[in-house]
Amino acid sequence: MKKKKSKIALVLSGGGFNGAFQLGAINFINENWKRITGLKAPMKFEIIAGVSTGALNGSLIAMNELALLNDLWIHQIGEKGASEIYTSDLIDTSSKADKIKLNIDIKKLAKKLIPELKVKLGFFNKMGLIFSKQKRKQILQSIIKEVEQSIKVNLPKYRSIANNSPLRKKLEKYLDRGKINGTDFLCGFVSLDTGKYHSVKHGEFSSEKDFVNGVLASTAIPMIWNPVDSVRFMTKNGMVNSLNNVDGGVRNVSPLGDVIKMINQDADFHYKIIVINCNSGEARKKNFAKKSIAAIAARSLYEIAVTEIFNNDVNHFMKINNLIKQAEAWDDEILFYSDKMNALKSFDAVIINPHKDIEMGNALVANEQLTTQRMAHGVKMAQIAFEKKVFNNE
C-alpha cells in the first residue's frame, strides 16, 4: 500500500495562566521543527484546535504570530501580572504573589449592589440638624430596608468576580483572520443557554467581531468572567447565534475530538497530532479549609474538573486509535465507523503534559517567576516527549 503524505495538527487544552506551559512547549517545537518533522519549511500546522487559554495561544500561532505570543506572555502577562488579562473588585490582580490575594473594594461593590447608598447616607448625615432622634431612627430603618431590597435586586446581576475587558482589548487589537493561511483554526466554546459545545473554524465566524467574541468566550471561565453575550457563525444548516457563551473547557477540555472529526474526512493524508495539555492529569493534594472563593473556583474548575475531563477525553480517543491501528496492521481493509457512519482513521500522537510532581501554581495567578517556570517546564516536557517519539523517524 502506498504510504500517504502527512499533515500535522495541534491540540491545545485549557488551563488559565498555566497556558505559559503550552508556549514553552511550542517554542521547543518551533526550534526543533526540522528534527521533529523532517520538514525544512518553518513550523506550520494544518489544523489547530484550542479551548480556553488554548484558543488564545492557538489563534496567534495560526496567524504565524509566535513572536507576538511570546511578547504577550513574557513582557505583558509575565512582567505586569494578571491585570493584563483581567481586573477584579475581589482579587488583587496587581499582586506579585504566587497565590491569589484578595483585595475587596468595598466602594465598588457597594456601588454595584447598592447604587443609591451614597445619596442616602449623605442625606442621613445632614438630617440630624432637622429631625429628632426618634425620627432619625425611623428614617434609618427605612434606609436599611431599601438597602436590603437593592441588594436583592442587584445581586443577581453580579455575574462574575472579575472583568476580562483587558483581554478583550488585546484580542481586538491582535486577532486578524486574514493572517491565517493554510491552517484551519478551531475555537471551542459553550452556550449556557443551550448547553451545546461549538467548535468553529476561523472562517465560519460571521465577522471579525464574532471571531474576537468566539476566542473571548472560549477563555471565559464561568463565575470568574461574564459570559460573552453573542457569537454568530455559519454552519451547513445556516447562521447560528450562540448566546451567553463560556469557556469551551466546560464541555471539552482537550479538543482532540474536534481534530479527529476533521482528519476522518481527509482520506488522502495521514495525520500526526501534537496535544499540549496545561494540567498534569493528577490533582495535587492541598488544604482548602480556608481558601477564598476565587481559589476554590480555580481549584474546582481547572485542577479537578478539567483534569478529570481531559483524562477521560484523551484516553477515550487513544484507546479507539490503538484499536484502529491494530486492525490496520492485521488487514488494511478493515474499517471502523463512528456513530454517524464516518470511517475512522488512525493517527500518530505525541502528548505533552506537565509532570505530576511539578507545582504549576494557581491558574488565576501570573507573575514573572511563575511564567518563566511554566514556560521552562513546557520546554523540558516537550523535549522529553520528542525524545521518545520523533515523527519523521517513525
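The paragraphs below go through the confidence of the model, one helix and its surroundings, two helix pairs and one strand residue.

The structure is a predicted model. Its chain has an average pLDDT of 79, and 64% of the residues reach at least 70. Confidence is highest in helix 1, residues 19-31, where the mean is 97. The lowest confidence in the chain falls in helix 6, residues 117-126, with a mean of 49.

Helix 4 covers residues 66-80. Its 15 residues, at 1.5 Å a residue, should span 21 Å, and the C-alpha atoms at its ends lie 20 Å apart, so the expected and modelled spans agree. The helix nevertheless has a kink of about 25°, centred on leucine 72. Leu72 is also one of the buried residues of helix 4. The others in that set are Leu66, Leu68, Leu69, Asn70, Trp73, Gln76, Ile77 and Gly78. What covers these buried residues? The cover includes helix 1, helix 3 (53-62), helix 8 (165-174) and helix 12 (368-388). After helix 4 comes glycine 81, which has a positive phi, near 95°.

Two of the covering elements, helix 1 and helix 3, also pack against each other. Two packed helices are described by the angle between their axes and by the distance between those axes. For helix 1 and helix 3 the angle is about 35° and the axes are 9 Å apart. Their crossing is right-handed. On the helix 1 side the contact is made by Gly19, Gln22 and Ile26, and on the helix 3 side by Thr53, Gly54, Asn57 and Ile61.

Helix 8, which is another part of the cover over helix 4, packs with helix 9, residues 208-219. Here the angle is about 145° and the axes are 10 Å apart. The crossing of helix 8 and helix 9 is right-handed. From helix 8, Leu167, Arg168, Leu171 and Glu172 take part in the contact, meeting Val212, Asn213, Val215, Leu216 and Thr219 of helix 9.

The last stop is a strand residue. Asparagine 241 sits in strand 6, residues 238-247. Is asparagine 241 buried, exposed or partly exposed? Its relative accessibility is 38%, and because buried means under 20% and exposed means over 50%, asparagine 241 counts as partly exposed. Leaving aside residues up to four places away in sequence, asparagine 241 touches Ser230, Val231 and Arg232. Valine 231 is 10 residues from asparagine 241 along the chain, and the C-alpha atoms of the two are separated by 5.7 Å.

Note on methods. Residues numbered from 1 in each chain as written. Predicted model: local features only at pLDDT ≥ 70, side-chain atom pairs only at ≥ 80, totals over all residues. Heavy atoms only, no water. pLDDT = per-residue confidence, 0-100. Helix = DSSP H or I, 4+ residues; strand = E, 2+ residues; numbered from the N terminus. Expected span 1.5 Å × (residues − 1). Bend = angle between axes of the 7 residues up to and from the residue. Buried < 20%, exposed > 50% of the residue type's maximum accessible area, 1.4 Å probe, protein only. Contact = heavy atoms within 4.5 Å. Axes fitted to C-alpha atoms, helices over the stretch in contact; angles between N-to-C directions. Left-handed = near helix turned anticlockwise from the far one by under 90°.
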